[in-house]
Amino acid sequence: MKKGFIFDLDGVIVDTAKYHFLAWKKLANDIGIDFTETQNEQLKGVSRVKSLEKILSWGNKTIPEDEFMELMAKKNNDYLSYIAKMDESEILPDVPKVLNYLKKEDQPISLGSASKNARQILKKVNLISDFNAVVDGNDVSKAKPDPEVFLNAAKLLEITPENCIVFEDSLAGVQAANNANMISIGIGDKDVLKEADYVFSDFTEISIAFLKELIEK
Ligand code: B16
Ligand code: MG
């Protein structure tokens, strides 16, 4: 039996949220807006455009379109300077254990991320060849909780949505998986991700026996 295993990137495979935080904080502070870690939490899984819209609204600021585009480019350049220094040591605990088992069992694997930098990050941490398909922020027009990103991944893997399993750290992502009719596995806080079919703090809690069950279900 083949299942489609779809992984979100930020917060599931690597913790790039800390770099998004540093880059957004610098940008927000530069234009006179406060930016806290709590606010950063609300940007998880949210697209770059939507993130900047939220930051501006928190600061009660409106800016013209060309300045908006400039600020987004500035934030991304700053973010990319952190990404440039990434390597395999930044892969979250036991992610390779899970990927290696799925590969051994010949299970199709895809990325399903909102980030436009996803391919670059997968290359930096040397995981790109583990993925049979990559769907990222460049490939979709509708953001999570819309199921588009995961439905595209299922199509590329040639697996029906009901036979796909999604690993996600954001509520919007879990909702996107549920909206796609897929099995949703939340990675993180049980209270935040309670809409998921299963929730684990991280991959160290996910056993090979559980993965085997998912494949055989
Ligand atoms: P970029 P994910 C998301 O990645 C991040 O969680 C979110 O904070 C970020 O704004 C978004 O990607 C867009 O990222 O600016 O690199 O295109 O969790 O969907 O893998
Ligand atoms: Mg995420």
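Author: Ala, Val, Leu, Ile, Met, Phe, Trp, Tyr, Cys and Pro count as nonpolar, Asp, Glu, Lys and Arg as charged, and the others as polar. By that rule, the lining of the second largest pocket in this predicted model has nine nonpolar, four polar and five charged residues.

Reader: Which residues are closest to the centre of the second largest pocket?

Author: They are Glu41, Lys44, Asp169, Ser170 and Val192, out of 18 lining residues. Glu, Lys and Asp count as charged, Val as nonpolar. The pocket holds about 250 Å³.

Reader: What is the volume of the largest pocket?

Author: About 580 Å³. Val46, Ser47, Arg48, Ala114 and Ser115 are the closest to its centre, among 29 lining residues. Helices H1 (17–30), H3 (48–58) and H4 (65–83) each give two or more residues to the lining. By class, the lining has ten nonpolar, ten polar and nine charged residues.

Reader: How do you know where the largest pocket lies with respect to domain 1 and domain 2?

Author: Look at the lining. Domain 1 (4–15 + 90–216) and domain 2 (17–83) both contribute residues, so the largest pocket lies between them.

Reader: What makes a set of residues a nonpolar core?

Author: The residues must be buried, and joined through side-chain atoms within 4.5 Å. The largest such core has 37 residues, and Phe7, Ile13, Phe131, Phe167 and Phe203 touch the most other members. Helix H5 (residues 95–104) gives the most, five residues. Both domains give residues to this core, so it lies between them.

Reader: Which residues does Phe203 touch, leaving out those up to four places away in sequence?

Author: Phe203 touches Phe7, Val12, Pro93, Asp94, Val95, Lys97, Val98, Phe167 and Ile187.

Notes
Residues numbered from 1 in each chain as written. Chains lettered and ligands numbered in written order. Predicted model: local features only at pLDDT ≥ 70, side-chain atom pairs only at ≥ 80, totals over all residues. Heavy atoms only, no water. 1 Å grid on protein atoms, 1.4 Å probe; cavity = no way out; pocket = protein on both sides within 12 Å on 5 of 7 lines; lining within 4 Å. Points joined across faces, edges and corners; volume = space filled by probe spheres on them. Helix = DSSP H or I, 4+ residues; strand = E, 2+ residues; numbered from the N terminus. Domains from an automatic or database assignment. Buried < 20%, exposed > 50% of the residue type's maximum accessible area, 1.4 Å probe, protein only. Contact = heavy atoms within 4.5 Å.
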